[in-house]
Amino acid sequence: MSVVHRLTAGWLVDHLSFINQCGYEICDSFAYPGSVTLGTFVTSTGDCHAASTFAATSSSRDGPIPGPGDALETESKPAKTTYVFREEFFDVSKPHIAAAPEEQLWQGCPEVSLTEIKPNSNREEHQEGTKSGIGDSVASARKKRKRKSVFNQGELNALEYHSKVRKLIWEGTLHLVQEGLKSGFLHRTTAELSCRKNVVPGHIGCGLAELCEMAKQFTAVTESDHQVVRVIDDETSIPEQDLLSCVTENSSNCAKIVVLMGQKYLVPPKSSFLLSDISCLQPLLNYKKKYDVIVIDPPWENKSVKRSNRYSHLSSWQIKQIPVPALAAPNCLVVTWVTNRQKHLRFVKDELYPHWSVKTLAEWHWVKITRAGEFVLPLDSLHKKPYEVLVLGRVQGDVKEALRKSEDVLPIPEHKLIVSIPCSLHSHKPPLTAVLAEFIKPDVECLELFARNLQPGWTSWGNEVLKFQHIDYFTFLQNEN
């Protein structure tokens, strides 16, 4: 199970285990064309079974990881191959920035004011020897800012928010980590024993976002003369135009491999996706499904994104244009990932959700820890925090329908923690399927917007929706025929 431990405070989640339980088992391998530049080739697959993380992924620890694509291409007879996500992407053995001894998780969470939160910053004032705390309160921090210009308004707002959630995060994480240590899922000695560097690969896969831009040059088609969904069949070639202009669906109980622009991607069973940008959402609306759960991970606008130009971002106005009301079923649960900028959190709660007729119900936190159970960053770091925020709400509408759909499910708790070892790949969020299960009815329709990976039972949309499905992120186990 992807949920390792469940306590009142929240859940300790195994992200890697969830990926490997998605059913990435391929049967009847076929030779691939030597060079595929246009069109999408799909392999047929056999029955699939969940892969065990603890049994299957250990093979990636010893020696170089073989090239899974090459192995399939050179294998001439049908064989069963189980793919597992590469374990080293979750090998976070040490904090990115070590916390001071008194700030480590094991020291407990004493009742402290902001005075005792030591600035962890490279600002010139601190380099010159400033050793005082932030101030007795946010008010004193304002005075200090006037004196030395240390804090801007956004930082003051962040400090105020952090002071409210700090104890909940510290104590809840500590209890979940203690359970993880008792069960052996986490290991205090990990940091001392591990000497392997966690190397994140460079560019993998074709430029999906660029491909979406190219798709805008294709001849426009209308709903009447174009299919709404393309079902992946065995040995089917799908032109890029079809892939980018309708929802692609793997309705079988087994995984498929598609080749897009010469790059191979794994598609889990019972999943569907649309590869497009925000200007080409009509195929998703044409799919005519109403979703009971919608998870949104917007590319929030911020200064670092603008400077790095690493990925495109959307303005608040653009995010408001996403047709969530047209996609949501009555009483739909909407979950939005938010960065630690208070500007974005206020926007979601005060503008975005009201605009979509969504009532805010809760704020949860995703807490990132190492394999040894430490925060990946000092909890009181001023620059970055070891947690991110999720805002949960429900679509308001027909009262009778809402009451019917809320029968036999628990109400959304005001606060919960999702604690996990984060993937080292940028913006690969932990799965919410298991943690949301008790708050929704079984077999509901689920949608992820701005997705970068696929999940069984979900529809996923985004201009990088296949990003983490690239076969180079996986390794394989060759089984007997």
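**Exercise 1.** In this predicted model, determine in which loop F90 is found and whether F90 is buried or exposed.

*Solution.*
Step 1. Locate the residue: F90 lies in the loop that runs between β5 (81-85) and α4 (124-127).
Step 2. Apply the cut-off: a residue counts as buried under 20% relative accessible area. The relative accessible area of F90 is 6%, so F90 is buried.
Step 3. Identify the surroundings. Apart from neighbours within four places in sequence, F90 is in contact with H15, L16, I19, F85, R371, I421, P422 and C423.
Step 4. Consider one of these partners, H15. The residues F90 and H15 are 75 residues apart along the chain, and their C-alpha atoms are separated by 8.5 Å.

**Exercise 2.** State where S2 is placed and which residues S2 is in contact with, leaving aside its neighbours within four places in sequence.

*Solution.*
Step 1. S2 belongs to the segment before β1.
Step 2. The relative accessibility of S2 is 4%, and S2 therefore counts as buried.
Step 3. Outside its neighbours within four places in sequence, the contacts of S2 are L12, V13, D14, S17, F18, Q21 and A434.

**Exercise 3.** Establish how many residues of β5 are buried and which residues lie on each of its sides.

*Solution.*
Step 1. Of the 5 residues of β5, 5 are buried.
Step 2. Recall a general rule: side chains in a regular strand alternate between the two faces of the sheet.
Step 3. Assign the sides. T81, Y83 and F85 are on one side, T82 and V84 are on the other, and both faces are covered.
Step 4. Find a pairing: β3 (residues 25-26) and β5 run antiparallel and are joined by 2 bridges. Within this pair, E25 stands opposite T82.

**Exercise 4.** Give the strand order of the open sheet of 12 strands, and explain why one side of β1 and of β6 is left without a neighbour in the sheet.

*Solution.*
Step 1. The order is β1-β2-β16-β14-β15-β13-β12-β17-β18-β11-β8-β6, and the pairing is mixed.
Step 2. β1 (3-7) and β6 (229-231) stand at the edges; each has a single partner strand, so one side of each has no neighbour in the sheet.
Step 3. From one strand to the next, the twist averages 20°.
Step 4. Examine one pair: β8 (residues 247-250) and β11 (residues 271-275) are antiparallel, with 3 bridges. Here, E249 has S272 of β11 as its bridge partner.
Step 5. Add the helix: α6 (residues 153-183) packs on the sheet and touches β1, β2 (10-13), β14 (358-368), β15 (387-395) and β16 (417-420). The direction of α6 makes about 125° with that of β1.

Notes: Residues are numbered from 1 along each chain as its sequence is written. This is a predicted model: local features need pLDDT of at least 70, side-chain atom pairs count only at pLDDT 80 or more; totals for chains, interfaces and linings use all residues. Side-chain values use heavy atoms; hydrogens and water are left out. Two strands pair if DSSP finds at least two bridges between them. Helices (H or I, at least four residues) and strands (E, at least two) are DSSP runs, numbered from the N terminus. Axes are lines fitted to C-alpha atoms, for helices over the stretch in contact, and angles run from 0 to 180 degrees between N-to-C directions. Contact means heavy atoms within 4.5 Å. Buried means under 20% relative accessible area, exposed over 50%, partly exposed in between (1.4 Å probe, protein chains only).
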